[in-house]
Amino acid sequence: MPRPSLDHDASARSPRAETTVEGPLSSALLEALPDAIVAVDHKGTIVQVNSQALELFGYDRGELVAQKVELLVPENYRGQHRQHRENYADAPKTRRMGAELDLYGRRRNGSEFPVEISLSPISTQEGAFVLSAIRDISDRKRIAEELRRANEELHRRTAEQLGEYRAKLASIIDSSEDAILSKDLNGIITSWNRGAENIYGYTAEEIVGKHISLLTPPDRPDEISEILKKIARGESTDHYESVRVTKDGRHLNVSISVSPLRDTAGKIIGASVIARDITRQKRAEGQLRQAQKMEAIGRLAGGVAHDFNNVLAIINACREFLRDRIDPATDASVYVDNIKKATERGALLTKQLLAFSRTSAVQPRVLDLNERLKDISKLLRSLMGDDVEILVSSKSPTAVVEADPGQLDQIVINLAVNARDAMPRGGKFILETGTVRFDEAFADRNQIMPPGKYVQLAASDTGFGMDEATMSRIFEPFFTTKEVGKGTGLGLATVYGIVKQSAGHILVYSEPGHGTTFKIYLPNADHKLETRANTEPETVGPKREGTTILLVEDDEIMRGLTRQLLQEHGYTVFEANDGKSALEWVQSYSGPIDLVLTDVVMRRMSGPEFVDHLNALRPAVKVVYMSGYTGELMAEREVLQRGITLLEKPFTRSALLNTIHTALG
C-alpha cells in the first residue's frame, strides 16, 4: 500500500475542521475523548481516527484511513511493532502497550515523539477491532528528565544552585495537569502539586502528612503495600491502572506511574507518583461498546414497547379490580387467572423487544424458522404500518436452523425497517422460507458458500430498489442513504454480522424502481433433531440432444456459467445479453427454438417485454424466467403473471435442468 506524500505543509491544514467520517465505531464518542484515538482491524489496517489523532500526527483523515497502523510508528520499530500486533491479536485484552518500554510515534513530517498507548479490543457486528488511545507524553518525559537531572545536581551543585533547581522543579510540577506527589517508604504523603489538588479535591495542607491509603477504595486493601514493597526494592511501576477516591467520595479511574526517590547517597527514601485521571476515557469506552448493541432497538423499543406496556398496565389494573370484586371460589375466578396469564405473556413479548440491548452472549439453539416467523410477524404489523401488506410464505414444511432466536428476530426486524423506509407510500413486504441444496459444482462456480443443505430466508419489498453503487456499500457500518439524523447506518451491517456469525451467507438483488430482495442462507440443522426423515439425493432429467435454447441474461459471468451447464446436458444454446438483442436475433434466425430462458430485469428491454414480442413471432416457444427476486415479489409487482415458471437465483445445476425438463414437457 503506497504511503502518503510528506511534502505538504502540515501547518496549512486544520484536522479539527474536517468533516467527521463514520466508521464501524461511533464518531461522536471518539471525538469526545481527549486522547488521540486510532481504530484498527485484525490486519492492522486503520479504519477510523478522531480529530485529536489527526492533529497529533499531522495527517488528513484520508491519508490515514485504509493505511497500515505502522505508518504512525518510527521506521526502525515497524518490524517489531508488527510482531507485537500479531501477538496481541492472539490474546486481545484491555491493557497498556509496552508497559516497560519507551514507545514513540512518528508524525507526518518525520519527527518522532514519546507516547503512551492504551489498547482496548472492541467487538462489533462487523468484527473485532482494536481501539488505541494515544497520548503525547513529551511533557511527562520532560518532567521526568528534569527530575532525573535535579537528582544528579543534588550531588554536585551548591546550595544556591540547588535552590534554583528546586524552584524550577516546583514550578514545572505545579503547572502539570497530572497529579504529581511524593511519599516516604511508609506511605506518608510528603508533597502534593496543584494537579493533585484539582483531581482529588484535597489541598496540600489537608493531605501532606496523611497516609496515601486515604485515596484508596476499601476493596483494594493490599494495593498500596505491594507498591511500597516494589519501591523498596528499587522497582518502578509504569502506567498502572487503578481506582482512587476523591475527597467528596467519587471513584476515579487513574493511570499511575511510581518511581523510587533517592537521597544524595543513592539510598531509596520514598517514591514519586504521577497519576492521570482516565475516568472519561473508561466511561466512553464502555459507552462505545454498548452503543453498538443499542442501535437495533432505537426505533422499535421506543415506539412499540412503551405503548404496549401502557396497554398491559391498564389490563392488569382492571384484572386487579375484578379479582377484588369476585369470590375466588366461583368459576369467574378462572377468567381472571386467564387474564393474568395473558398479560404475563404480553410482558414477555415486550421483554423480547428490549432483549436486543442486552450484553449477554449469543445462545444458539435448534429451532424451526417457519415457527419463529409466525411470532415475529405479529410485531412487524405494528412496525410496518397499515399501508404495508406483510406476506409470509413457506416453501417447505420445516426450516430448521441452529441460531440465536433473538438474533434471528433482529435480522427480520432490521430488514423490515429497511424495507419500510424504501416504501414511504406503502407497498408489500414478503418473507419466504425454504430449503435448498448446493452441490460441489455450484460451490466451485460461485465461491460464496460450501456445498450442503441450507435454509433460505428471503425478504423482499416493492420499494425504490438500489443501483450497483449503493449495493456495493450497503453492508458497511454507518453507511446510509437516509437524511442526516434519520438513520444510523448500522441496520444492514448488523444483519451481515449476525449472518456471518451464524456460519451463513447473504446475497442481495435489486434494481432501481424494482424493489429489493435479500436472500439469507443458514446451514440446515434438521440432522440435529432427534427424529428426522431420510432425504433422497437430487436427480436430473435425461439429456435432450438437439433441443435448442435461447439464453437471455445481461450478466456476462452468469450467462457463461448457465450456458455451460445447459451444453453439458446436451442442449444447443444461443445467447443474448438483453431483451432487445434477443429479439433482433429471433427476427433474423429461421431455425427451431424450443425454449427461451430469460432474466426478468434487464437494460434496454426486460424479459417480459421480450417474451411479449416473441409470442407474436413464435407463440409455441416455451419460456422459463430466472431472477434474483423471488416469485412472490415478481407476481406482486405484476412483472410476471402468477403461474409463470420462475427459476430463482442462485440455482443449482439440478434445479436448472429439472426446471427446463419440466417446462419442455
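Here a biologist asks a modeller about a predicted model.

Biologist: Let's start inside. Which element gives the largest share of the largest nonpolar core?

Modeller: That core has 39 residues, and those with the most contacts inside it are Leu380, Met384, Phe429 and Ile520. The elements that give two or more residues to the core include helix H13 (369-384), helix H14 (405-421) and strand S15 (427-438). The largest share, 8 residues, comes from H14.

Biologist: Why would such residues sit together in the inside of a protein?

Modeller: This follows a general trend. In soluble globular proteins, nonpolar side chains tend to be buried together. In this model, the core residues with the most contacts inside the core are Leu380, Met384, Phe429 and Ile520.

Biologist: Let's follow one of them. Which residues does Met384 touch, leaving out those up to four places away in sequence?

Modeller: Met384 is among the core residues with the most contacts inside the core. Leaving out residues up to four places away in sequence, its contacts are Ile390, Ala416, Ala419, Arg420, Met423 and Phe429.

Biologist: Now to strand S1. Which of its residues point one way, and which the other?

Modeller: S1 covers residues 36-40, and 5 of its 5 residues are buried. In a regular strand the side chains alternate between the two faces of the sheet. In S1, one side has Ala36, Val38 and Val40, and the other has Ile37 and Ala39.

Biologist: Which residue of S6 is the bridge partner of Val40?

Modeller: Strand S6 (residues 128-136) runs antiparallel to S1, and 5 bridges join the two. Val40 belongs to S1 and is buried. Its bridge partner in S6 is Val130.

Biologist: S1 also forms a hairpin with S2. Which residue there takes a positive phi?

Modeller: S1 pairs with strand S2 (residues 46-49) in the antiparallel sense over 3 bridges, and Ala39 stands opposite Gln48. The hairpin has 5 residues between the strands. The one with a positive phi, near 85 degrees, is Gly44.

Biologist: Is there empty space inside, and what is the volume of the largest cavity?

Modeller: Rolling a probe the size of a water molecule over the atoms shows where empty space is left. A search of the whole structure finds 4 cavities of 30 Å³ or more. The largest has a volume of about 100 Å³.

Biologist: How many residues of its lining are nonpolar, polar and charged?

Modeller: Strand S7 (179-184), helix H9 (223-232), strand S10 (251-262) and strand S11 (268-277) each supply at least two lining residues. Among the residues that line this cavity are Lys183, Tyr200, Arg244 and Val273. The lining divides into 10 nonpolar, no polar and 2 charged.

Biologist: Off to a loop. Is Arg604 buried or exposed?

Modeller: Arg604 is in the loop between strand S21 (595-599) and helix H20 (607-617). Its phi is near 70 degrees, a positive value in a residue other than glycine. Because its relative accessibility is 55%, and the cut-off is over 50%, Arg604 counts as exposed.

Biologist: And is Ala399, in another loop, buried or exposed?

Modeller: Ala399 is in the loop between S13 and S14. Beyond four places in sequence, Ala399 touches Leu367, Asp368, Leu369, Asn370, Thr433 and Val455. Its relative accessibility is 0%, so Ala399 counts as buried.

Biologist: One last thing. How far apart in space are Ala399 and Arg372?

Modeller: Along the sequence, the two are 27 residues apart. In space, C-alpha to C-alpha, the distance is 9.8 Å.

Conventions:
Residues numbered from 1 in each chain as written. Predicted model: local features only at pLDDT ≥ 70, side-chain atom pairs only at ≥ 80, totals over all residues. Heavy atoms only, no water. Core = buried A, V, L, I, M, F, W, Y, C linked by side-chain atoms within 4.5 Å. Buried < 20%, exposed > 50% of the residue type's maximum accessible area, 1.4 Å probe, protein only. Helix = DSSP H or I, 4+ residues; strand = E, 2+ residues; numbered from the N terminus. Contact = heavy atoms within 4.5 Å. Pairing = 2+ DSSP bridges. 1 Å grid on protein atoms, 1.4 Å probe; cavity = no way out; pocket = protein on both sides within 12 Å on 5 of 7 lines; lining within 4 Å. Points joined across faces, edges and corners; volume = space filled by probe spheres on them. Nonpolar A, V, L, I, M, F, W, Y, C, P; charged D, E, K, R; others polar.
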